[in-house]
Amino acid sequence: MGQEIERKFLVVGDSWRQGAQGELMCQGYIPTQDARTVRVRRVGDRAYLTLKGPAVGLVRPEFEYSIPVADAQTILATLCQPPLIEKTRYRLPLGDVVWEIDEFLGENQGLIVAEVELTSPDQAIDLPAWIGAEVSYDPRYQNSNLARHPFKNWND
């Protein structure tokens, strides 16, 4: 079974931008009735369908499949709940891990979140100086929730 183990953090400052390579992404979510997630993502000339189950701590089941870009475009336009998530994802290898920094655009502009995928929930990692508060357990920062409740509408 595929699984995702990740921690999320807010980003402070701009020092992370040195050496980071960015790629524009567009993704949408097909509505579900519980903690399960169905996501369609387009990244350049690639597209993916991702299914995620409910999280237990930092761990959740995850299955991802390549799909034709034309299918992804149609699904994003007709089946996904607006607004779509638009972001630039930067990948930054540091030590034994690769940080993914998402700089959100559109309805979520102004939000920058860093994620790191782990091999186990208790894996020790060194936190770079540009890492702020951890938001791993705050559901507001899940992309599926940002599609339903965009950052620009938050009051705090």
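## A walk through the predicted model

Start by selecting residues 2-148: this stretch of the chain is 11% helix and 50% strand, and its end C-alpha atoms lie 26 Å apart. Keep in mind as you go that the model is predicted. An unreviewed UniProt entry annotates residues 2-148 as "domain: CYTH".

**Stop 1: Ala-47**

Select Ala-47, which sits in strand S4. Is Ala-47 buried or exposed? Its relative accessible area is 3%, under the 20% cut-off, so Ala-47 counts as buried. Now show its surroundings. Leaving aside residues up to four places away in sequence, Ala-47 touches Arg-41, Arg-42, Tyr-65, Ser-66, Ile-67, Pro-68, Val-69 and Ala-72. For a sense of scale, draw a distance to Ile-125: the two residues are 78 apart along the chain, and their C-alpha atoms are separated by 30 Å.

**Stop 2: Val-56**

Next, follow the chain to Val-56, in the loop that runs between strand S4 (46-52) and strand S5 (59-66). Val-56 is exposed, because its relative accessible area of 67% is over the 50% cut-off. Add Ile-5 to the selection: Val-56 and Ile-5 are 51 residues apart in sequence, with 9.8 Å between their C-alpha atoms.

**Stop 3: Arg-89**

Move on to strand S6 (residues 81-94), where you will find Arg-89. Arg-89 is buried, with a relative accessible area of 8%. Which side chain makes a polar contact with the side chain of Arg-89? Select Asp-102 and you will see the pair, at 2.7 Å. Beyond residues up to four places away in sequence, the residues that Arg-89 touches include Gln-21, Gly-22, Glu-23, Met-25, Arg-41, Glu-100 and Glu-115. Arg-41 may look familiar, as Ala-47 touches it too.

**Stop 4: the aromatic rings**

How many aromatic pairs does the structure hold? There are five. One of them is Trp-99 with Trp-130, an edge-to-face pair whose centres are 5.7 Å apart, with 75 degrees between the planes. Trp-99 belongs to strand S7 (residues 97-104), while Trp-130 is in the loop between strand S8 (112-117) and strand S9 (131-134), so the pair ties together parts that lie 31 residues apart in sequence. Both Trp-99 and Trp-130 are buried. Add Phe-9 to your selection, and you have one aromatic cluster of Phe-9, Trp-99 and Trp-130.

**Last stop: Arg-140 and Trp-154**

Finally, select Arg-140 together with Trp-154. Here the charged end of Arg-140 sits over the ring of Trp-154, at 4.7 Å from the ring centre.

How values were computed. Residues are numbered from 1 along each chain as its sequence is written. This is a predicted model: local features need pLDDT of at least 70, side-chain atom pairs count only at pLDDT 80 or more; totals for chains, interfaces and linings use all residues. Side-chain values use heavy atoms; hydrogens and water are left out. Helices (H or I, at least four residues) and strands (E, at least two) are DSSP runs, numbered from the N terminus. Buried means under 20% relative accessible area, exposed over 50%, partly exposed in between (1.4 Å probe, protein chains only). Contact means heavy atoms within 4.5 Å. A polar contact is a pair of N or O atoms within 3.5 Å; within protein, one must be able to donate a hydrogen and the other to accept it, and residues adjacent in sequence count only if both atoms are side-chain atoms. UniProt positions are given in the numbering used here, feature names are shortened, and annotations may be inferred rather than shown by experiment. Rings of Phe, Tyr and Trp (its six-membered ring) pair if their centres lie within 6.5 Å; planes under 30 degrees apart count as stacked, over 60 as edge-to-face and the rest as tilted. A charge sits over a ring if NZ of Lys or CZ of Arg is within 6 Å of the ring centre and within 35 degrees of the ring normal.
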